[in-house]
Structures are given as C-alpha cells and as structure tokens.
Amino acid sequence: KDSDEDNAGFHFIAFIPVQEKVWKLDGLERQPQNLGPIVSDDWVLQVAPEIETRMAQYEDGQIEFAILSLVKEPLIKLVAALAENVKSITSIRRHLLQIQSDRGELQPDSPDDNEKVEQDLLLGPSERYRLSQKAIDQAVLSPEHEQQLKSDDVVAMSAVVQQLSTAQTSMRASIRDEIKAIQADDDRAASRRNDKGLLAKGLLQVLERLGRMRIFMESACCS
C-alpha cells in the first residue's frame, strides 16, 4: 500500500488567499494548487466545497479531521468601525452646526469635539473602547457620509447623525463583549498555567501504577 495513502489522515491542508487568488496547500502534493481568482468578498465560500468533499469521505459519526481557521481578531475590526463612526458623527455635526450658525439659527458649539461622552455619545478617543485619536484621524468616511459634508440639508444631516448614534450604541456593546471574552480567555489560560492540580493528579497516577507494580513483583517473587 502506498505510504502516502497510509499517512493521508495525518497531514495538514491549508487554503489561503494570495494575490487575488485562492490557493490550496496540501502536504501530500508537491506544489500549491491554484483554485482560481477570488470572486466574492468572502473567499472562504469558494473553498467550502473542497472542505465538504473531504468531510464527506468519512462515515457518519467518524471524527477523522479537525478544522482550524486563522482570522483577524474581531476587536480590531470593531474598533476600526467605531473610529469611522466617531469621525463621521463629529464631522457631520460640525458641518451641521456651522450651517445653522450661518443661518442665524443658533450659535456654534464650542469647537472642543474631544469631549469623551456627550449624552451617552462617544465623540473622541477612549481607553475603555481601545479607541485612539490616531485611529479616528486615519478613519476614512464612507462616500455617503462624505456627501453629507457637501450638503446644506439640515434635516437629512440630522437624520444621518441620529442613525450613526444608534449604530454606535451597538458597536460599543460589541466591543465591551469582545473585551470581556478576551479577558476571560486570558484568565483561563493563566489559571491553567498556575494549576497544580493536574500535576498532582498525574503524580498520584504514577505512584498508583508504581504501587501496583511493586505488589505484582512481590507476588511474582513469592509464587
């Protein structure tokens, strides 16, 4: 029997996106296999049939494989979205207030947009949400929000700010949940590192086996 077939269940297969193409790296093949160009935002959908085909080779109830996905930490994406949200809100509000001031409808607010929270609205950097001023400054506004900065429609701008404010509430909740999850994982890892119980259990098992061996050897010598 071919040795590759004997070891087929003990190797890794990886799927990765490189240079706008999806590649398959198989430990039993000599070179990477090009699965074609990436045709959607979620390239994983393209490799799903490959994974499902391999999984289907096993009978029901057999666990002959494990799947591992390497992804960006969700917190990074969440904080980036919050940075864009904060920049959009502060930019549109500033433009809106300036228009209202020019029309004599109100006096412009203080230019201090670095207030951390205004009526439960985040308007600047925050350590709690891992949001820095640099991230806010580097955030890119969507075309829709950029268009609002060229508009003089006060009603439309107010509606957009309200939508962004509502969205921010959900974003901040997601970030808090993610930070809690990360902390819980870190605590569990630290607990495992400092857990002497497993070591003690292992030692007791070894001593128990040694005791049984001694009794067996004594009985063998006496028989």
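This report walks through a predicted model of one protein chain, from its overall layout to single residues.

## Overall layout

The chain has 223 residues. It holds 7 helices and 3 strands. Read from the N terminus, the order of elements is α-β-β-β-α-α-α-α-α-α. One helix thus comes before the strands, and the other helices follow them.

Of the residues, 22% count as buried. The accessible surface of the chain is about 16,700 Å². Carbon and sulfur atoms own 54% of that surface. Take the contacts with a separation of 6 or more: 56% of them join residues 24 or more positions apart.

## Confidence

The chain has a mean pLDDT of 81. A value of 70 or more is reached by 73% of its residues. The elements differ in this respect. Helix 4 (residues 133-138) has the highest mean pLDDT, 96. Helix 1 (residues 3-6) has the lowest, 50.

One stretch calls for care. Over residues 110-117 the pLDDT is below 50. The model still gives this stretch 13 contacts beyond near neighbours in sequence. Where pLDDT is low, predicted coordinates should not be read in detail.

## The nonpolar cores

The largest nonpolar core has 12 residues. Its members are L75, V79, L82, A83, V86, L122, Y129, L131, I136, A139, I175 and I179. Helix 3 (74-102) and helix 6 each supply at least two of them. Helix 3 gives the most, with 5 residues. A second, separate core has 11 residues, including I89, L96, V160 and L164.

V86 is one member of the largest core. Residues up to four places away in sequence aside, V86 touches L122, L123, G124, L131, I136 and Q168. Among these, L122, L131 and I136 are also listed in the largest core.

## Two salt bridges

The structure holds 2 salt bridges. One pairs E50 with K24, with the closest N and O atoms 3.5 Å apart. This pair links distant parts of the chain: E50 lies in helix 2 (residues 44-55), K24 lies in strand 2, and 26 residues separate them. The two ends differ in exposure. K24 counts as buried because its relative accessibility is 10%, under the 20% limit. E50 is partly exposed, at 29%.

The other salt bridge joins D185 and R188. Here the closest N and O atoms are 2.2 Å apart. Both residues lie in helix 6 (residues 154-194). They are 3 residues apart, about one turn of the helix. D185 is partly exposed at 42% relative accessibility. R188 is partly exposed too, at 45%.

## A nonpolar surface patch

I16, V18 and L25 make a nonpolar patch on the surface. The patch covers about 180 Å². L25 sits in strand 2 (residues 21-26), the strand that also holds K24. L25 counts as partly exposed because its relative accessible area is 31%, which falls between the 20% and 50% limits.

## Two residues up close

M171 lies in helix 6. Which residues does M171 contact, leaving aside neighbours within four places in sequence? They are A81, L82 and N85. L82 is a member of the largest nonpolar core. M171 and N85 are 86 residues apart along the chain, yet their C-alpha atoms are separated by 9.1 Å. M171 itself is partly exposed, with a relative accessible area of 21%.

Q148 is placed in helix 5 (residues 143-148). Is Q148 buried or exposed? Q148 is buried, because its relative accessibility is 12%. Leaving aside neighbours within four places in sequence, Q148 is in contact with I92, H95, A156, M157 and V160. V160 belongs to the second core.

Notes:
Residues numbered from 1 in each chain as written. Predicted model: local features only at pLDDT ≥ 70, side-chain atom pairs only at ≥ 80, totals over all residues. Heavy atoms only, no water. Patch = residues over 30% accessible without salt bridge, like charges linked within 9 Å, V, L, I, M, F, W, Y side chains within 5 Å. Areas by Shrake-Rupley, 256 points an atom, 1.4 Å probe, with all protein chains shown as cover. Salt bridge = Lys/Arg side-chain N within 4 Å of Asp/Glu carboxyl O. Helix = DSSP H or I, 4+ residues; strand = E, 2+ residues; numbered from the N terminus. Buried < 20%, exposed > 50% of the residue type's maximum accessible area, 1.4 Å probe, protein only. Core = buried A, V, L, I, M, F, W, Y, C linked by side-chain atoms within 4.5 Å. Contact = heavy atoms within 4.5 Å. pLDDT = per-residue confidence, 0-100.
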